[in-house]
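Student: I've got this model open on my screen and I'd like to walk through it with you. Can we take it one question at a time?

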Amino acid sequence: MYDFWENVIFYTGKYNGDPMNVHRHLNKMFPLKADHFKQWTTLFNATIDELFSGENAERAKQRALSIATVMQMKLAEH
Ligand code: HEM
């Protein structure tokens, strides 16, 4: 997860996992709904704001929201 966020924010290229696969598996065991993603985003943003500020903090929140939106759409397709 560290590698994932480092790559998202600083483009390190270190992460080589497949988060979609992890969440697809999760979604099968327990369906992830819009409310879960809303709550995830709220907690993510609150944590970022608590610990960081500035350009990279803003970028992390923007990227998180766009990834969450795409992830939710992809999970809803199946
Ligand atoms: C309803 C929303 C979400 C739930 C309930 C959720 C839950 C989880 C859980 C249970 C894991 C496995 C943790 C472990 O292996 O111990 C995980 C992994 C992960 N999640 Fe999420 N997640 C959500 C949304 C997101 C979103 C929106 C992102 C990205 C913006 C994200 C990024 C990741 C990453 C990078 C991993 C690690 C994947 C890996 O092992 O390579 N998650 N998540």
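Student: Which residue just after α1 takes a positive phi?
Tutor: Keep in mind that this is a predicted model. Look just past the end of α1, where the phi value is about 55°. The residue with that positive phi is Y11.

Student: OK, and which residues of helix α1 are buried?
Tutor: Helix α1 covers residues 2–10, and buried here means under 20% relative accessible area. The ones that qualify are F4, W5, V8 and I9.

Student: Within what arc do those buried residues fall, seen down the axis of α1?
Tutor: Picture looking down the axis of α1: its buried residues line one face of the helix. What covers them includes α2, α3 and α4. They line one face because they fall within an arc of 115°.

Student: Now α3 and α4: are they roughly parallel or antiparallel?
Tutor: Their axes sit 10 Å apart, and the packing angle is about 170°. An angle over 145 degrees counts as roughly antiparallel. The crossing of α3 past α4 is right-handed. Contacts between them involve residues including F37, W40 and F44 in α3, and A60, A64 and L65 in α4. So α3 relative to α4 is roughly antiparallel.

Student: Last one: which residue is the protein donor of the iron atom of the ligand?
Tutor: Go to helix α2, residues 19–29, since that's where the donor residue is found. Its NE2 atom lies 2.0 Å from the iron, and the protein offers no other donor. That residue is H23.

Note on methods: Residues are numbered from 1 along each chain as its sequence is written. This is a predicted model: local features need pLDDT of at least 70, side-chain atom pairs count only at pLDDT 80 or more; totals for chains, interfaces and linings use all residues. Side-chain values use heavy atoms; hydrogens and water are left out. Donors are N, O and S atoms within 2.8 Å of the metal (3.2 Å for Na, K and Ca); water is not among the atoms, so sites may look incomplete. Helices (H or I, at least four residues) and strands (E, at least two) are DSSP runs, numbered from the N terminus. Buried means under 20% relative accessible area, exposed over 50%, partly exposed in between (1.4 Å probe, protein chains only). The arc is that of the directions from the helix axis to the C-beta atoms. Contact means heavy atoms within 4.5 Å. Axes are lines fitted to C-alpha atoms, for helices over the stretch in contact, and angles run from 0 to 180 degrees between N-to-C directions. Angles under 35 degrees count as roughly parallel, over 145 as roughly antiparallel, 65 to 115 as roughly perpendicular and the rest as oblique. A crossing is left-handed if the near helix is turned anticlockwise from the far one by less than a right angle, and right-handed if clockwise.
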